[in-house]
Amino acid sequence: SSHSRVPELFAGSWLGGREIVLVADHLDRTTKEAMGATLSYANDCPYCADMLVSLVHGSGNHKAASQILNESEEDVSDPKLRARLVWSRQVASNGLDEVSSTPFTADELPEAIGTLFVLNYVNRVSHVLMDGSPVGDGLKNTSLRLFGYELRETTERPIQRGRGLDLLPKAPVPDDMGWARPNPRIADGLARWAAAVDREAAQAISLKVRQLILDRLEAWNGERMQLSRSWVEQEIEGLVGEDYHIAKLILVVCKASYQFDDSLVQSLTGENLDEERLIRILAFAAMSAARRLANHVGHHLGELEVALAKSPA
């Protein structure tokens, strides 16, 4: 609902979450929500993580939900789920280059990478618009379990594939989303969502800034940035005026959204906050980062597949 002032972005964020995470296709919904919770804790986004843990509780998998909350995925008893959660944390922690296998089949990978895509997007928006977890630290697991009980009916309801696609017009699948092509429905949904973000971004961000952001993300593989924000000043050197402030906000949201603070918005808008424009800027930032990170995962796994195929039996 944070996107609701810009209908196309509202439709896109819902379409992506519905078709990739909520719809059970080759991967069940609870596995994807558990992966999303693991990624969200790694991304330091307690709002998303705690809500997803509640949904895992809602599925009845209370022990796994508690272990995800404690960030001890390696103790999950189900070996398949454990491998998938550990893999998700490795990817989020920039350990992907050391991963020598994947716990997903070729048919499952578009949903697996897509889940990371959706949560990387949502985590970044939440860092800006949400104020931490709605659940206090005291008895948190009990509170999330009770909330999960309230959500149980929604986790058990079957969701029809493809019903969200017509919310946005059809669009070609971008080259950097080639990893999604083995699942045409997911590739179609992502293409529609990405095209909507691009259309809206063109109304709020200059072409110069949009191109600079894409250039700066090209060589970024998800590594953690310096604790201070001095890194961003180097990346926007030469920009002035509004372009400077917009690029700074976008790059922080892309690469280190946990470093966000209100001064980034205030420097851009002053006291006259244009909420629609801010949503367009945030959507472009979150989408750009999610696309880059998902493409990196897909590219790495493609190289891994080729290497394994060439290795002696």
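## A walk through some helices and a cavity

Helix α4 has A64, A65, S66, Q67, I68 and L69 as its buried residues. Before going further, keep in mind that this is a predicted model.

**Around α4**

So how enclosed is this helix? Of the 8 residues of α4, 6 are buried, so the rest of the structure largely encloses it. What do those buried residues pack against? Their partners are α2, α3, α5 and α7.

Let's pick out one of them, Q67, which sits in helix α4. Its relative accessibility is 11%, and because buried means under 20%, Q67 counts as buried. If you skip residues up to four places away in sequence, Q67 touches S72, E73, D75, V76 and S77.

Just after α4 comes E71, with a positive phi near 55°. E71 belongs to the loop between α4 and α5. D44 is another residue to look at here: its phi is near 60°, again a positive value in a residue other than glycine. You'll find D44 in the loop between α2 and α3.

**Three partly exposed residues**

Here are E71 and D44 next to E242, which we'll get to further down.

| Residue | Where it is | Relative accessibility | Class |
|---|---|---|---|
| D44 | loop between α2 and α3 | 46% | partly exposed |
| E71 | loop between α4 and α5 | 38% | partly exposed |
| E242 | helix α11 | 43% | partly exposed |

**α7, a helix with a bend**

Now over to α7, one of the helices that the buried part of α4 packs against. Helix α7 covers residues 140–156, and its 17 residues should span 24 Å at 1.5 Å a residue; the C-alpha atoms at its ends are 24 Å apart, which agrees. Where does α7 bend? The place is E150, and the bend there is about 50°.

On the buried side of the count, α7 has K140, L144, G148, L151 and T155. These buried residues pack against α2 (29–42), α3 (46–58) and α4 (62–69).

**E242 and its contacts**

E242 has its place in α11, a helix made of residues 241–256. Which residues does E242 contact, leaving aside neighbours within four places in sequence? They are L268 and R277. With R277 there is also a polar contact between the side chains, at 2.8 Å. For a sense of distance, take D175: it is 67 residues from E242 along the chain, and the C-alpha atoms of the two are separated by 31 Å.

**The cavities**

How many cavities of 30 Å³ or more does the whole structure hold? A search finds 2. The largest cavity has a volume of about 290 Å³. Its lining is made of 24 residues, and those nearest its centre are N43, A92, N120, R124 and L293.

Several helices help to build that lining. At least two residues each come from α5 (79–92), α6 (109–129), α11 and α13 (275–310). Which helix gives the largest share of the lining? That is α6, with 5 residues. Note that α11, the helix where E242 has its place, is among the helices that supply lining residues.

Note on methods
Residues numbered from 1 in each chain as written. Predicted model: local features only at pLDDT ≥ 70, side-chain atom pairs only at ≥ 80, totals over all residues. Heavy atoms only, no water. Helix = DSSP H or I, 4+ residues; strand = E, 2+ residues; numbered from the N terminus. Buried < 20%, exposed > 50% of the residue type's maximum accessible area, 1.4 Å probe, protein only. Contact = heavy atoms within 4.5 Å. Polar contact = N/O pair within 3.5 Å; in protein donor to acceptor, adjacent residues only side chain to side chain. Expected span 1.5 Å × (residues − 1). Bend = angle between axes of the 7 residues up to and from the residue. 1 Å grid on protein atoms, 1.4 Å probe; cavity = no way out; pocket = protein on both sides within 12 Å on 5 of 7 lines; lining within 4 Å. Points joined across faces, edges and corners; volume = space filled by probe spheres on them.
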